[in-house]
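Reader: I'd like to learn how to read aromatic contacts in a model. Can you show me the structure and walk me through it?

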Amino acid sequence: MANVDKEMLTQFLLRMGDNTLILGHRVSEWCGHAPVLEEDIALANTALDLIGQTQLWLGYAAEVMDDGKTADDIAFLRDAWDFRNLLLLELPNGDFGQTLMRQFLFDAYQSILLPRLMKSSDQAIAEIAEKASKEAAYHVERSAETVVGLGDGTEESHKRMQAALDRLWPYVGEMFASDDVDAAMAAAGVAPDPASLREEYDALIGKVLSEATLTIPDSDFAHKGGRNGKTHTEHLGHLLTQMQWLQRAYPGATW
Amino acid sequence: MYAQMIKSEATTDDPEKLKEFQARIDDDIKVEPRDWMPEGYRKTLIRQIGQHAHSEIVGQLPEGNWITRAPTLERKMILLAKVQDEAGHGLYLYAAAETLGVSRDDLTEQLLSGKMKYSSIFNYATLNWADIGAVGWLVDGAAIMNQVPLQRTSYGPYSRAMIRICKEESFHQRQGYDIMMKMAQGTEAQKKMAQDALNRLWYPSLMMFGPSDADSVHSTQNMAWKIKMNTNDELRQKFVDQTVPQAEYLGLTIPDENLTWNEKKGGYDYSDPDWSEFFDVLKGNGPCNVDRLEARNKAWDDGAWVRDGLMAHAEKKRAAKTAAE
Ligand SMILES: [Fe+2]
Ligand SMILES: [Fe+2]
């Protein structure tokens, strides 16, 4: 473990693990309902990768917290105020276009962040990042391709993708809103300051979205509060109601 | 099994050619897409493979019903992987059907309009978490019973698809049994869920093999063509004989008062399912028929703009490439 405040490190790990947990859950809601069989398979695969990454991030968070809790306890027995995921990821799926746009906006972030984390001063983080970055590279390739295909498809698909981008854009800024946890991680060489990733991110999404003939909204307003736990959307509570139901209804059972 | 009550299609082909065709089948030579085949053989296979593919697709729904409520991260991953496998099975099977000159879209339209069927089992609900165990254990178990012999079926692409699929299905069955084991050894509430799941899914699982067909004309023709390898009763008996000791090991009770070991036949005597219920389900009156078809139709209709968009984009790219050349 890197030489860094345990409380802060835990917060960082929850941010990583809650992102993949909540998005993995949202994507898994598509199972059996996708527009075409190949997408059913691809979405299940994405969800599977994300939940697999969750096990690693939350598993390490449990190790750092060292209070006898497991990754499952963290996922299934915390209430909404303890979640540290980006607000973007807890929003309802919307149509397929909105789901894929959200996926792309997050995949692009992960595809930049994870390779940096491979150089983390914390060996465990570097190892998780190595595995996850391979998956993220594949995910962003796929989601970018779909965003381009639909953005530059028919008039209707273009309209829907632009609407998805407009709807989700105010949630992008939160990815780069650094706070004292990020400062501590950067100082200890555990993780880069997210604000430092923005330029590369804008270049990446700018290229893909322009190929998709979509226009990035002219606004830098950002909804915040998920990463630092100040607030969540109303949607998270409902998601947790479903996800945590069995563990809550039958405490102490093993499954 | 995933293809139930497949009627054989009448064939009006040249008797000489038919004789030659049958001789090849009797010699266990596989029929390949380019080979001559009787019209009836082709049509029957399209119906059977199509129904099997549809079952894999609709089968995503009862299990998908629990993905967002899976109780641990690991269970969620196992279930996601299983449902993903089932969609993959659908994909191979549609590809096998396409070699017979029918398109996937065409088969899909027939499923969505209710013209083509899928296995009756997927019209039953998954009501508690143990159902996910019971589906793997019993439904995948029954599917394997039917599909292992179909690995030797006469049509090459179907046989090869079955070989790939069977490996994954036996994995699903073991995982399902593992859930049942956890539930049966768990708290009182978990045991109750396990027994409840078995109570509800036992007879629908027996129905998967279809009604007795020992004397059916269709069955005889399909068996001669090696599209069907065993009678429904043979497979059902094998399934019961395999499953009863597994239920005993779990400490669960099979909901059949007449279940007894019959020394003479070397198998269990068991009660038949209520066949009138089976025919009701086939007619569309099962507990979930309407929900299942609504869900599939909604996915297809809501996805139209996506399919059209991606197609239009591919077309633009192709045109741009041609223009550049
Ligand atoms: Fe399957
Ligand atoms: Fe299966």
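Author: Sure: over all chains, the count comes to 17 aromatic pairs, where rings of Phe, Tyr and Trp (its six-membered ring) pair if their centres lie within 6.5 Å. This is a predicted model, so local features need pLDDT of at least 70, side-chain atom pairs count only at pLDDT 80 or more, and totals for chains, interfaces and linings use all residues. Residues are numbered from 1 along each chain as its sequence is written, chains are lettered from A and ligands numbered from 1 in the order written, and side-chain values use heavy atoms, without hydrogens and water.

Reader: How do I describe the pair Tyr250(A) and Trp255(A)?

Author: A pair of aromatic rings is described by the distance of the centres and the angle of the planes. Planes under 30 degrees apart count as stacked, over 60 as edge-to-face and the rest as tilted. Tyr250(A) and Trp255(A) have centres 6.3 Å apart and planes at 70 degrees, so they are edge-to-face.

Reader: Is Trp255(A) buried or exposed?

Author: Buried means under 20% relative accessible area, exposed over 50%, partly exposed in between (1.4 Å probe, protein chains only). Trp255(A), at 5%, is buried, while Tyr250(A), at 28%, is partly exposed.

Reader: Which residues form one aromatic cluster?

Author: Trp245(A), Tyr250(A), Trp255(A), Trp66(B) and Trp129(B) do.

Reader: And where does a charge meet a ring?

Author: The rule wants NZ of Lys or CZ of Arg within 6 Å of the ring centre and within 35 degrees of the ring normal. Arg164(B) lies over the face of Tyr92(B), 3.8 Å from the ring centre, and the charged end of Arg307(B) sits over Trp300(B), 3.5 Å from the centre of its ring.
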